[in-house]
Amino acid sequence: MNFAAQLQTLTSHSRLCVGLDPEPSRFPGDWAGDASKIYDFCAAIVDATHDLVCAFKPQIAYFAAHRAEEQLERLIAHIHAVAPGVPVILDAKRGDIGSTAEQYAREAFERYQADAVTLSPFMGFDSVEPYMAYEGKGAILLCRTSNKGGDDWQMQRLADVPGQPRLFEHLAHLAESQWNRNGQLGLVVGATYPSEIARVRELAPTLPLLVPGVGAQGGDAAAVVQAAGRGAPLVVNSSRAVLYAGSGADFAARARDVALATRASLA
């Protein structure tokens, strides 16, 4: 089953994506500060929550910074083994062109066996196209991010485009239309801007939306669901609120409790 079909199936039961952003300094008990336990920590979270989610989203920098790329490979293999229908979105935000983009695509889809990858489309369609050569894989483009500096580019109007849309609006339109040749694209829209989630959904009604920022970052789950409507898949990511719900031996059970509550708030 390809990425788009996986999401369509799973988001009818859950819109929750658990982000896997391991910080060894926050690991429980004797694992605290031990980067060799990244796999063990994340695998325990996966085992506790995989029946509650529509996706897992490991953030590659949290692994690479600790020389834990092999642990990331093992983790993604573990997800595919224990939850074969649950897609893995590799959060890498790559944004290069040509042969470099081809290598990044190979890294995401061949080395790590991810089902989708996040991309920065600042350099245009040829920074996205190499990923689309992998049939059935997803490419999720940054569109309207929740960081303060996102306004520097994303909210600027384009004088050369009819109607002078904002940059994020033009990107949503392109992704929905001529760029989405094989139904592989999705868009990232931050949870802290519900009105702009609604605008992106209006411009790109068929594309999956990946919405980070619910939980520790302060995004309101009910507002996100209302803004996104009931069309294409909605994938709402929560990372720290789930991962670090508990600091003791029962950390995985506490993570499950928060995941259950978050999933319910997104129904």
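**Exercise 1. Determine which residues make the nonpolar surface patch of about 550 Å², and place M123 in the chain.**

Solution. Start with the rule: patch residues have over 30% relative accessible area and no salt bridge, with like charges joined within 9 Å and nonpolar side chains (Val, Leu, Ile, Met, Phe, Trp, Tyr) within 5 Å. Accessible areas follow the Shrake-Rupley method with a 1.4 Å probe, and for residues only the protein chains shown count as cover. The patch is made by I97, F122, M123, W153 and L167. Next, locate M123: this residue lies in the loop between β4 (116-119) and α6 (129-132). Helices (H or I, at least four residues) and strands (E, at least two) are DSSP runs numbered from the N terminus. Finally, M123 has a relative accessible area of 41% and is therefore partly exposed, since buried means under 20%, exposed over 50%, and partly exposed in between (1.4 Å probe, protein chains only).

The model is predicted: local features need pLDDT of at least 70, side-chain atom pairs count only at pLDDT 80 or more, and totals for chains, interfaces and linings use all residues. Residues are numbered from 1 along each chain as its sequence is written, and side-chain values use heavy atoms, with hydrogens and water left out.

**Exercise 2. Describe the surroundings of K93, the residue that UniProt lists for "active site" in an unreviewed entry.**

Solution. Note the status of the label: UniProt positions are given in the numbering used here, feature names are shortened, and annotations may be inferred rather than shown by experiment. K93 lies in strand β3 (residues 89-94). With a relative accessible area of 39%, K93 is partly exposed. Contact means heavy atoms within 4.5 Å. Beyond its neighbours within four places in sequence, K93 is in contact with Q59, T118, L119, S120 and L142. The side chains of K93 and D91 also make a polar contact at 2.7 Å. A polar contact is a pair of N or O atoms within 3.5 Å; within protein, one must be able to donate a hydrogen and the other to accept it, and residues adjacent in sequence count only if both atoms are side-chain atoms. Last, K57, D91 and K93 are linked in a network of salt bridges.

**Exercise 3. State how many salt bridges there are, and work through the pairs of E107, D151 and R254.**

Solution. A salt bridge is a side-chain nitrogen of Lys or Arg within 4 Å of a carboxyl oxygen of Asp or Glu. By this rule the count is 13. E107 pairs with R94, the closest N and O atoms being 3.0 Å apart. This pair links distant parts of the chain, with E107 in helix α5 (residues 98-111) and R94 in strand β3, 13 residues apart. Both E107 and R94 are buried.

D151 pairs with R144, with 2.6 Å between the closest N and O atoms. D151 is partly exposed at 33% relative accessibility, whereas R144 is buried at 1%.

R254 and D257 meet at 2.6 Å, N to O. Both lie in helix α12 (residues 251-265), three residues apart, about one turn of the helix. R254 is partly exposed at 30%, and D257 is partly exposed at 39%.

**Exercise 4. Is S239 buried or exposed, and which residues does S239 touch?**

Solution. S239 is found in the loop between β8 (234-238) and α11 (240-243). Its relative accessibility is 11%, so S239 counts as buried. Not counting residues up to four places away in sequence, S239 touches G19 and D21.
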